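Ready for a few short exercises? Have a look at the chain below, then work through each task before reading its solution.

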Amino acid sequence: MNKTININLGGFFFHIDEAAYQKLSRYLDAIGRSLSDDPQGKDEIIADIEARISELLSERITDARQVVNEGDIDEIITIMGQPEDYAEAEDGYSENTAYKRKSKSSSKKLFRDGDDKFLGGVCSGLGHYLGIDTIWIRLAFLLLLASGFSPLIYIILWILLPEAQTTAEKLQMEGEAVNIDNIEKKIRDEFNNISTKIKDGASHISEKISKADYDKYRSESKTGFQDFIDTMGKILLAVFKVFGKFLGALLVFVSGITLVSLLLGIFSIGSFEILNIDNDLTEVLPIFYDSVLPSWLLTTFLFLFFGVPFLVLLVLGLRILSPNLKKLNGTTVIILLALWLVSLLGLGFTAIEYGTSRAYDGTKIEKQTLQINPKEPLKIRVVNDDNLQYKAYLSSSNNANIIAVDDVNKKYSNHVKISVKRSETATAYLEVKKTSEGRKRSTANTNAEQLEYKFKTANNQIVFDAFFLSEIKNLLKDEEVKLTLYLPEGTKVYFEESAKNFLYYIKNTDDLYDEDLVNHELIMTAEGLDCLDCETPKKSDIDSTETAPENTDWDQDSKEDISFLFDSTINDGKAELIITSETTKSELQKLVRWFKKRRNIDIDFDGSEFDAKGKIIKYALHVDCNDGFHGRTKQQKLVIANGKHGFVRHYDKDNTTVNFSIW
């Protein structure tokens, strides 16, 4: 049975048996005697040695109730070295001793160097760890400054890396063995540096001290104002401590919730795809569908891109709440930083890939001759397949949904338009124009050709599908099916109610809106469709109260066409459409017809939104000049502000294209 003693070594509490305690005391006394001839820094050297011994004992004691024995002390002495060796340090070492010292080299650890820093000592710490001069690390950070990445990396390392404060940590940073000899040498060097600085500034300080008005300072130190300042400083310090704890708790809460959400996301998406498990949770971001990288890998990149910064914030919050929490070691920091950079590159590649996937427009045009009875009206109907996607209200829209067809995900879109024009021949035919986008023109044409669209003709009736299907990779591409029905003069046509919201730019002699043409018997004439049973007022009559040019017969054939309509312009030099917050839906429809008549420019504002008074509040514009120039607004629906929106198409004197822009 051995007697145990409680000791405080380097600020840590240990249970140690009596024999081990005596051996440790003799060891420390021997070290103290070896330093007695040169007392400079003796106390600090002893304190650092005790701190190092305490650190080594803490690594071996895994249970607070565990007792330190003689074997533990022997291992510590083996690592730290014998006092006799240290005593001979001034006289030089023998070959065997020198060999033993070199064999005890320590692996480097990553710290911030507080003694050689401009900001946080990150660059100098990396220089020690990598064995590179600090100046090259700093130059690399400066060169990368323009990229925007180096400041973020520097801040992350500043937060995660601990500063080398004790002598043992400084030795570990430089890769030196933490033993008595190196601790003594390090502290002596620091004392020499401090002594030099003190000597250099001694005369300057002494001059200031000699000139100081001590009586004045003494009286000021006793004023109540100084006491007030000291008290306020203590109050502010307490407030900042409370605020720091609150900030730490907030960081832990937000970071924890975010990391849990990201983990749920990656396990419900990436893991299911890797295991080929079909699950509703495996839907990913639309931009992933057309990527060459697998969805599970891109999902992992997303998790790392957002997860690593939030993990750093979580550790920071925990350290604010509990300063005793261990810091992330250098290896972990380097690994996290590398993973974050890889995820950044992966997501950047995917973003560039997505941008190029819409670089070119492609078209596929198909024509089919129609056999119709000229004595009966040709009925036009639009139907939807509710088994694929239920729609209570059918209308043409460029929005898309994901549906499953035979267990394969497909893009479902109602971006279908129906138009009617006069046939130049005596034959009736249907033109189906499919458009899509792709990285190359040939790819875009292939995508357009692969659009799945169906219609039926029977008993003098055409039944159009209200939708088309496309591959899931084309989910975000702008795709459309435009149906143009060419009818000879004298052919009658009848639009059923289901076709109301799919009609697009149908020229008629009664100046009616497209939606007003449904449920009426129409006949094709040289000027367009003519309504045989309409009793509704014409558009020109409805819009007569609105501001318009004096020449209101602009849509009729005239010897001199007008050049201005509302705020828009068409002349020999340019065609310019202007849309403001005061523009109404009826004005836009009139402008569409005007630009088509004067310059054969197709304008589509499908998807725009209007208020109760008919004024536009959000708009989406698609323009095709039919001469090689076309474009659309960058966003689906832009909010109309106080400025002007629209497009301009410039022409030179020879009526050739020089410029086109849309905004």
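A residue is called buried when its relative accessible area is under 20%, exposed when that value is over 50%, and partly exposed in between. Keep in mind that you're looking at a predicted model.

**Exercise 1. Sort the cysteines**

Decide whether Cys123, Cys625, Cys531 and Cys534 are buried or partly exposed.

Solution. Start with Cys123: its relative accessible area is 7%, so it is buried. Next comes Cys625, which has 3% and is therefore buried. Cys531 has 10%, so it goes in the buried group. Cys534 has 23%, so this one is partly exposed.

**Exercise 2. Find the disulfide**

How many disulfides are there, and which cysteines are joined?

Solution. First, the cut-off: two cysteine sulfur atoms have to lie within 2.5 Å. Applying that rule gives 1 disulfide. Its partners are Cys531 and Cys534, with 1.6 Å from S to S. Now look at the twist: the angle about the S-S bond is 90 degrees, and the link between Cys531 and Cys534 is right-handed. Add what you found earlier: Cys531 is buried, whereas Cys534 is partly exposed.

**Exercise 3. Place a serine**

Work out where Ser343 sits, whether it is buried or exposed, and what it touches.

Solution. Begin with the element: Ser343 belongs to helix α14, which spans residues 330-356. Then check the cover: Ser343 has 0% relative accessibility, so it counts as buried. Finally, list the partners: setting aside neighbours within four places in sequence, Ser343 contacts Phe301, Leu304 and Phe305.

**Exercise 4. Trace a nonpolar patch**

Which residues make the nonpolar surface patch of about 680 Å²?

Solution. Pick out the phenylalanines Phe243, Phe246 and Phe253, then add Leu247, Leu250, Val254 and Ile257. Now zoom in on Phe243, which is found in helix α12 (residues 224-274). Phe243 has a relative accessible area of 48%, so it is partly exposed.

**Exercise 5. Step back to the whole chain**

Describe the protein chain in terms of its helices and strands, burial, contacts and surface.

Solution. Count the elements: there are 17 helices and 27 strands. For burial, 39% of the 663 residues are buried. For contacts, take those with a separation of 6 or more: 66% of them link residues 24 or more positions apart. Last, the accessible surface is about 37,800 Å², and carbon and sulfur atoms account for 55% of it.

Definitions and conventions. Residues numbered from 1 in each chain as written. Predicted model: local features only at pLDDT ≥ 70, side-chain atom pairs only at ≥ 80, totals over all residues. Heavy atoms only, no water. Helix = DSSP H or I, 4+ residues; strand = E, 2+ residues; numbered from the N terminus. Buried < 20%, exposed > 50% of the residue type's maximum accessible area, 1.4 Å probe, protein only. Contact = heavy atoms within 4.5 Å. Patch = residues over 30% accessible without salt bridge, like charges linked within 9 Å, V, L, I, M, F, W, Y side chains within 5 Å. Areas by Shrake-Rupley, 256 points an atom, 1.4 Å probe, with all protein chains shown as cover. Salt bridge = Lys/Arg side-chain N within 4 Å of Asp/Glu carboxyl O.
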